[in-house]
Amino acid sequence: MISPLTIGWFAGRLCAVVLATGLTDPSLDVTKVACVGDSITEGTANADHRLNDYPQILGRLLDGRLSGEYEVRNFGRSGATLLKNGSKPYWNEDVYPGALAFEPDVVIINLGTNDAVMANWGSHCDEFEADLRELIERFRELPSEPTIWLSNLTPLFPPFPRIDECAPARAVIEPTIARLADQFGVQIIDFKTPLLESAPLFPDGVHPNSAGNERMAQAVFRAITGTDAPDDPSIRPTPVAGKSHSLVSAGESVDTEPTSWIQKDGKMQGTGAKQSLEAGVALGPGDFHIRARVRMIDQLHSAAAFFWNDNAFGFEGARGTVFRNGSSVGGLRILHPSPSLFERESWVDFEVIRNGPTIWFLLNGFVADMALYDGVIESFGFDPTRSTMQVGEWSVVGNLESRLPHLPRGYDIPIIDLDAETDRQVIVDREQNQYLGHPTTVLLEDGKTILCVYPKGHGKGGIVYKRSIDGGLTWSDRLPTPTSWNASLEVPTIHRVIDPKSGKKRLIVWSGLYPARLAVSEDDGVSWSELEPAGDWGGIVVMGCLEPLRDGSYVALFHDDGRFFENAGETSGKFTIYQTFSHDGGMTWTQPEAIWSGNRVHLCEPGIIRSPDGNTLAILLRENSRRRNSHAMFTTDECRTWSDPRELPAALTGDRHTARYAPDGRLFISFRDTTLESPTQGDWVGWVGTWDDIVQGRSGQYRVRLRDNKNRWDCAYPGVLVLPDGTFVVTTYGHWDEGEEPYILTVRFTLEELDARAAAQSLRSG
């Protein structure tokens, strides 16, 4: 999902450029241009491919000079080979028949880069010429009788690791292209010469960035129009005018959050991870321009970075490159080798400019990367990570807003530690050298049979299914599952439901991402249906929580960041919480509706709790930027309306909250500890308190460390059950043994046992 602001900006920039899924007005006499190729054409390896692959730039250049006369479509496919027997033949991709059906007037063919790797070339080199000949002939046979242009190959640069491997094949491919061009009487577009001395335009050594794509587009423009090509002003940032707000001046803090950084020798200086220098303001919607003079000491592989919300632009990562990372900008992207952009430990003039939805990152005036992000930036600044970072000057021009007030980052309630009490622990499943993770559980009506599902892999993989018939004391072998369960794409979740009309009792298992799929059992889990799509939608951790409503319906909640709610979605920069309803006992579900969306905080993975009087529901939400506490939202009308999110106390800050009431009315909530200041950060923990503690924003009674996780974060998507005698059976995965893959276990306790431990601990400390 993309915000209305971004959509409007796209429309203004793209003008008459029609994408491959678009339609044209048949009454217009336009020249149709088909760009055929691999990832260099498709552009998806580039950070800004939604705007600036070379066909889109070509379309803008043509429309700017010859408005309405050309329609350009992108028929590239990442990884494609010209070879029919290659690793990913272009002939087998949907873009190939799409290009033919387009009946273009002009065809640009740029294939061969992937053919040159030895896995393709070594066995099929003798087939390249015949396959290229056939491709040319297929396009020449079209009723539109297109003009066909071949092209030479774009250059390769370090750090691409296979330059030497590809060189012999490329030395054959390019003469072959030239020979066939001569035989067919077609011309060659020179993509190589404009890029030959331009290594900085190839962040990974093989895929050109926007400036490189502009040069490719200009080469095509000259070829098909016979005139020199203009520049594309939209691929260059425009400085933002306005009053400059100083954050650091002459090495002294002017407007930054309290920090461990010190003023030293005319500069602000900080060292180590989580020791951020944060701006004292937030950035609202609209254009902005950040300027800073920065330096990193011990920069090598340090991951020192500029951050905004939960995203980062890093000055040098573990691979010795500049990098960009974050859930709002498409994950990790490896960029240029750092020494190619600036000398280590030298002062760098660093700029961040937002024009429209595009954020640009400049190092000493060079555009190193760009990303799409058009919402509020609640927090931004510099994180030394494994270096010492210095800031001499730092200022910003833009729409400045006040930051959200912070609740305390830590807590002072007691911690009960059960980690060493192995008599409470039961291993559910473990497999040597195999990652087992993310379980959920359900308790059947007999009060002792527990079913557990989890993926064989990190957040995805075949669903493993087990049963305990004695309240979790022992577990069955892995049970057989339907074939489709082996192709699960995400964390499975299991729930009990009852049809409000027929009274039919069912179990359902969800598997998320697009499309969300559902399996059903009507015999207490003895047999199951295949996973089937629940609708034309999807999401992340579908469904983390499910709750019966007063009318017998069910509500289920999940989140997405734009990638999976729709088919082939892309990161929107926002997190959205969705709810969906079932009125027939879990068989069908309504089109999900958003109850909250935003990027000022990054809220996800809801866990639901009903109040003791039954009148209110709350969802506890993970805060994914790791700069705020967890949040809560409330509804008093059975999910018709929800309150705005509000921050929770630090004691309740974590991921994947799962809550159950004890017989005495208190709550136990299990989660992964992501509290900003906590001695058990990253461990599997629980919280004991009351509903009123949550409503009133109190810290609760005490915390429990259930197990010490030997990996920094990776643990604790828990199942929490309460047996009829009040025993809690909590189940999760984690790295419980140093250097070993995670596995599934349960921990058992009662609140009375924890209370006794808390009392004894209080006496010892008193």
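Does Cys 639 count as buried or exposed, and at what relative accessibility?

**Before starting.** This is a predicted model, in which local features need pLDDT of at least 70 and side-chain atom pairs count only at pLDDT 80 or more, while totals for chains, interfaces and linings use all residues. Residues are numbered from 1 along each chain as its sequence is written, and side-chain values use heavy atoms, with hydrogens and water left out.

**Exercise 1.** Settle the opening question about Cys 639 and describe its backbone.

*Solution.* Begin with the cut-offs: buried means under 20% relative accessible area, exposed over 50%, and partly exposed in between, with a 1.4 Å probe and protein chains only. Cys 639 has 2% relative accessibility, and therefore counts as buried. Next, its phi is near 80°, a positive value in a residue other than glycine. Finally, place Cys 639 in the loop between strand S36 (631–635) and strand S37 (646–647), where strands (E, at least two residues) and helices (H or I, at least four) are DSSP runs, numbered from the N terminus.

**Exercise 2.** Describe how helix H4 (residues 54–65) packs against helix H9 (residues 210–225).

*Solution.* Two packed helices are described by the angle between their axes and the distance between the axes. The axes are lines fitted to C-alpha atoms over the stretch in contact, and angles run from 0 to 180 degrees between N-to-C directions. For H4 and H9 the angle is about 50°, and the axes are 8 Å apart. Angles under 35 degrees count as roughly parallel, over 145 as roughly antiparallel, 65 to 115 as roughly perpendicular and the rest as oblique; H4 and H9 are therefore oblique to each other. As for the residues, contact means heavy atoms within 4.5 Å, and those of H4 that meet H9 include Tyr 54, Ile 57 and Leu 58, while Phe 221 and Ile 224 are among their partners in H9.

**Exercise 3.** Find the largest nonpolar core and the strand that supplies its largest share.

*Solution.* A nonpolar core is a set of buried Ala, Val, Leu, Ile, Met, Phe, Trp, Tyr and Cys residues joined through side-chain atoms within 4.5 Å. The largest one has 39 residues, and those with the most contacts inside it are Phe 315, Phe 380, Phe 382 and Trp 394. Among the strands that each supply at least two residues are S11 (282–297) and S20 (388–401), and the largest share, six residues, comes from S11. Leaving aside neighbours within four places in sequence, Phe 380 is in contact with residues including Leu 247, Phe 306 and Trp 394.
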